[in-house]
Amino acid sequence: MAQVLVRNIPEETLNVYRERAKRNGISLEQEIRNLLEKNRPYTPEERVAVSRYFRSRTKPSPALTLDEIREGSK
């Protein structure tokens with residue numbers, strides 16, 4: 001696994017994560033790993049899956065004609 005060194009973190013910010021780690025019964029290091037994992041960007045495959053999920057749960061709207069589109073932009 002990779003390692004990262006982050007400098008100049010405000011003490012107040014670090015204290016928030018220390019307290020959160022303590023409440024969760026884990027180390028500060030694990031709390032920060034959890035934070036990074038939870039907030040990582042989606043992979044292209046995950047983006048497609050999320051898009052399909054939401055599209056499957058919405059009713060398709062009727063297609064608009066060119067005239068209807070023009071009327072709506074006034």
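**Exercise 1. A salt bridge within a helix**

In this predicted model, the side chains of Arg33 and Glu29 meet in a salt bridge, at 2.8 Å from N to O. Work out where the two partners sit and how exposed each of them is.

*Solution.*
- Step 1: Start with the contact. A salt bridge needs a side-chain nitrogen of Lys or Arg within 4 Å of a carboxyl oxygen of Asp or Glu, and the pair Arg33 and Glu29 is listed at 2.8 Å.
- Step 2: Place the partners. Both belong to helix α2, where they are four residues apart, about one turn of the helix.
- Step 3: Check exposure. Arg33 has 37% relative accessibility and counts as partly exposed, while Glu29, at 56%, counts as exposed because the cut-off for that class is over 50%.

**Exercise 2. More salt bridges**

How many salt bridges does the structure hold? Then look at Glu11 and at Arg40, and find a partner for each.

*Solution.*
- Step 1: The structure holds four salt bridges. As background, side chains of opposite charge can pair when their charged atoms come close.
- Step 2: Glu11 pairs with Arg18, with an N to O distance of 2.9 Å. Glu11 is partly exposed at 44% relative accessible area, and Arg18 is partly exposed at 36%.
- Step 3: Arg40 forms a salt bridge with Glu37, and their closest N and O atoms are 2.9 Å apart. Through salt bridges that share partners, Glu37, Arg40 and Glu46 are joined into one network.
- Step 4: Arg40 has a relative accessible area of 36%, so it falls in the partly exposed class.

**Exercise 3. The largest pocket**

Describe the largest pocket: what is its volume, which residues lie nearest its centre, and what lines it?

*Solution.*
- Step 1: The volume of the largest pocket is about 660 Å³.
- Step 2: Its lining is made of 17 residues, and those nearest the centre are Val4, Glu29, Ile32, Arg33 and Leu36. You have already met Glu29 and Arg33 as salt-bridge partners.
- Step 3: Two elements give two or more residues to this lining, α1 (11-24) and α2 (28-38). The largest share, seven residues, comes from α2.
- Step 4: Sorted by class, the lining has twelve nonpolar, two polar and three charged residues.

**Exercise 4. Before the first helix**

Turn to Val6 and Asn8. Are they buried or exposed, and what else can be said about each?

*Solution.*
- Step 1: Val6 is found in the segment before α1, and Asn8 lies there as well.
- Step 2: Val6 has 54% relative accessibility and Asn8 has 78%, so both count as exposed, being over 50%.
- Step 3: Val6 joins Val4 and Ile9 in a nonpolar patch on the surface, and together they have about 290 Å² of accessible area. Val4 also lies among the residues nearest the centre of the largest pocket.
- Step 4: For Asn8, look at the backbone. Its phi is near 60°, a positive value in a residue other than glycine.

**Exercise 5. A residue of α1**

Is Leu14 buried or exposed, and how far apart are the C-alpha atoms of Leu14 and Ile32?

*Solution.*
- Step 1: Leu14 lies in helix α1.
- Step 2: Its relative accessible area is 16%; since buried means under 20%, Leu14 is buried.
- Step 3: Leu14 and Ile32 are 18 residues apart along the chain, and their C-alpha atoms are separated by 9.9 Å. Ile32 is one of the residues nearest the centre of the largest pocket.

Key:
Residues are numbered from 1 along each chain as its sequence is written. This is a predicted model: local features need pLDDT of at least 70, side-chain atom pairs count only at pLDDT 80 or more; totals for chains, interfaces and linings use all residues. Side-chain values use heavy atoms; hydrogens and water are left out. On a 1 Å grid over the protein atoms alone, a cavity is a set of points where a 1.4 Å probe fits but cannot get out, and a pocket is an open set with protein on both sides within 12 Å along at least five of seven lines; lining residues have an atom within 4 Å of a point. Grid points are joined across faces, edges and corners, and a volume is the space filled by probe spheres set on the points. Ala, Val, Leu, Ile, Met, Phe, Trp, Tyr, Cys and Pro count as nonpolar, Asp, Glu, Lys and Arg as charged, and the others, Gly among them, as polar. Buried means under 20% relative accessible area, exposed over 50%, partly exposed in between (1.4 Å probe, protein chains only). Patches are made of residues with over 30% relative accessible area and no salt bridge: like charges are joined within 9 Å, nonpolar side chains (Val, Leu, Ile, Met, Phe, Trp, Tyr) within 5 Å. Accessible areas come from the Shrake-Rupley method with a 1.4 Å probe; for residues, only the protein chains shown count as cover.
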